[in-house]
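Reader: I would like to learn how surface exposure and empty space are read from a set of coordinates. Could we take one feature after another, with the general idea ahead of the case?

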Amino acid sequence: MNAISLGHVDTATTGRYSHVFAEIRQWRPALGTETIALLASLYFSLFCNAPFWRAVVAAHPLDQLSNGPVLGLCFVSVTAVHFVLLCLVATRLTFKPVLSVLLLATALAVYYMGAYSVFLDSTMVRNVLHTEPKEARELMTPGMFAALVSYAAIPMLLLWRTRIKRRSWPQAILMRGLCLVAGICVAVAAVWINYSPLAAFWRNEPEARFLVTPGNFIASTRSVLFADARERNRVRKPVGTDAMITARTNAKPRLLVIVVGETVRAANWGLNGYARQTTPGLAALDVVNFPDVSACGSNTEVSVPCMFSMIGRRDYDERRIRGEESLLHVLEHAGVKTLWRDNQTGCKGVCQGLAFEQLNDSTDPALCKDGLCLDEILLGGLDQKIEATPGDMVVVLHQLGNHGPSYYLRYPPDLRRFTPTCDTAELGSCTIGQVVNSYDNATLYTDHFLARTIERLQQQTKQETAEEPLL
C-alpha cells in the first residue's frame with residue numbers, strides 16, 4: 001500500500017498572513033473632514049481631469065521649461081477650487097454620502113467625456129437631466145461599469161473605511177473657516193501668479209472650463225436647475241395672437257406635415273452629393289433639397305425650440321426662446337389645428353398645451369422591440385387622426401432618427417446595406433468605418449421613412465398636402 005503525504009503546513013507563515021489580514025480589516029484611520037476634502041481634491045485633479053490636462057498641455061507644451069510653473073500653478077488652482085467647494089458643503093454627518101455621490105457622478109463624467117468627446121456644459125447637463133430611462137439604458141455599457149469600478153469604487157471603499165474626527169462646534173467652525181480662507185487665498189494666488197498665460201488660455205480655449213471635473217457638472221447642474229425653476233413658474237409670452245387665415249372659398253383643407261429629424265449630418269446626406277447614395281427614396285421623388293442649412297445646436301434641447309421660434313439661429317437667445325410661444329401656437333391662434341407625434345424625448349416646450357402624442361412606448365411587434373420603436377411608428381393611425389380633424393392642419397413628426405450612440409438600433413435588418421457595422425453603444429470598440437456604416441444605414445432608414453411619408457400624403461384626396469422635413 002502506498003502512503004500519500006499531505007506535506008507540512010507552516011503554521012508560522014499562516015499565522016503571519018492571518019495577522020496581516022486582521023490588521024487590514026481593522027485599518028480605519030481617523031481624519032478630519034478638511035483633510036478628506038483635500039485628499040479628494042487631489043484625487044480629482046490627478047486622476048479625473050485627463051481631457052483638461054491634455055488641453056492645457058496642448059497650449060503649453062512640456063518641452064518648454066517655462067511652461068512647467070504654468071502647469072504646476074494650474075494644478076494648484078484646480079485643486080484649491082475643488083477643496084473650497086467641498087469645504088462649503090461638507091459636514092461630518094453628510095460628508096461621506098455627499099462625497100460618494102460626487103465620486104459616482106465624477107466616474108460617469110470621466111467615462112462619457114472620454115468615450116464620446118463631450119463637454120459638460122449646461123446644455124449637455126440639461127440633456128442628461130431630461131433623458132428618458134430608455135435612452136439612458138443604451139448608455140449603460142461594460143465600459144461605463146468599468147469606469148465606476150476604477151474611478152469610484154476604490155475611493156469610496158477607502159472613504160467609508162475612514163473615521164471622521166469629532167470636534168466641538170467652536171473648533172469645527174474655526175477649522176472650517178481657516179481652511180476656506182486658506183483655500184481661497186491659494187486659488188487666488190495661483191491664478192494671479194499665472195494670470196497672463198491662464199488668461200490667454202481661457203480666451204483661446206473657452207470651452208476648456210467645461211473639462212474641469214467635477215467642477216464642470218456641478219456648476220452646469222446648478223445653472224440648469226435654476227433656469228428650469230424659473231421656466232417652471234413662468235407663463236410663456238403669447239406670440240402672433242392676431243394671426244389669421246386668408247379666407248378661401250370652395251377649397252380643400254390644407255395639410256402640412258413637418259418631420260423633425262435627429263442628428264443627420266449634411267456630409268452623409270445623399271442628396272448633398274455624398275459618395276454613398278443614402279437617400280435613394282427621396283432621389284426618386286420630386287423633392288427640393290436645401291444643402292446649406294445650420295441648426296442652432298447639436299442637441300435636441302437647443303435645436304428643437306429654436307426651429308419653431310420667431311428668433312432663429314442668427315439672433316439666438318435661449319432664455320427668450322424658452323419664454324415665448326412657438327410657431328405651433330401662432331398656427332393655433334390662426335385657427336390651424338396642430339398635432340405633435342413623438343418618437344423621441346418630447347417637444348421641449350414647443351407644443352406646450354397643444355395636442356401631443358408620445359409613441360416611443362408603443363408595443364407594435366413589427367416596429368418596436370425592447371422598449372424602442374422605429375420611426376415608422378409615427379405613421380400608425382395618422383390617416384385617421386387627419387380625417388377626424390376638420391379644416392387646415394399641421395402635423396409634426398419627431399423622429400428618433402440617427403440618435404446615437406446606438407446607431408445599429410435605428411434601422412431594420414433589411415436596411416443593413418453598408419457593412420460591417422458597429423453593433424454596440426461603445427463606439428470606441430469599433431473602427432471608424434464600422435461606425436460610419438451603421439450611421440449611414442440609419443440615414444437610409446430616415447430616407448425610407450421620409451419617402452413613405454410623402455407617398456402616404458400623395459394618396460390623400462381630401463386635403464391639399466405638403467411635406468417639410470427639418471433634418
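Author: Let us begin with exposure, where buried means under 20% relative accessible area, exposed over 50%, and partly exposed in between (1.4 Å probe, protein chains only). Ile218 has a relative accessibility of 33%, and therefore counts as partly exposed. This is a predicted model, in which local features need pLDDT of at least 70 and side-chain atom pairs count only at pLDDT 80 or more, while totals for chains, interfaces and linings use all residues. Residues are numbered from 1 along each chain as its sequence is written, and side-chain values use heavy atoms, with hydrogens and water left out.

Reader: Where is Ile218 placed, and which residues form the nonpolar patch on the surface?

Author: Ile218 belongs to helix 11, residues 215–232, helices being DSSP runs of H or I with at least four residues and strands runs of E with at least two, numbered from the N terminus. A patch is made of residues with over 30% relative accessible area and no salt bridge (a side-chain nitrogen of Lys or Arg within 4 Å of a carboxyl oxygen of Asp or Glu), and nonpolar side chains are joined within 5 Å, like charges within 9 Å. Here the patch consists of Val81, Leu85, Leu88, Val89, Val98 and Ile218, which together have about 470 Å² of accessible area, by the Shrake-Rupley method with a 1.4 Å probe. Helix 4 (residues 67–89) gives the most to this nonpolar patch, with four residues.

Reader: How many cavities of 30 Å³ or more does a search of the whole structure find?

Author: Rolling a probe the size of a water molecule over the atoms shows where empty space is left. On a 1 Å grid over the protein atoms alone, a cavity is a set of points where a 1.4 Å probe fits but cannot get out, whereas a pocket is an open set with protein on both sides within 12 Å along at least five of seven lines; lining residues have an atom within 4 Å of a point. The search finds four cavities of 30 Å³ or more, and the largest cavity has a volume of about 140 Å³, a volume being the space filled by probe spheres set on the points. Its lining has 14 residues, of which Lys134, Glu135, Asn360, Leu372 and Leu400 lie nearest the centre. Helix 7 gives the most to the lining of the largest cavity, with three residues.

Reader: What volume does the second largest pocket have, and which residues lie nearest its centre?

Author: The second largest pocket has a volume of about 580 Å³, and among its 25 lining residues Lys369, Leu374, Tyr408, Leu409 and Tyr411 lie nearest the centre.
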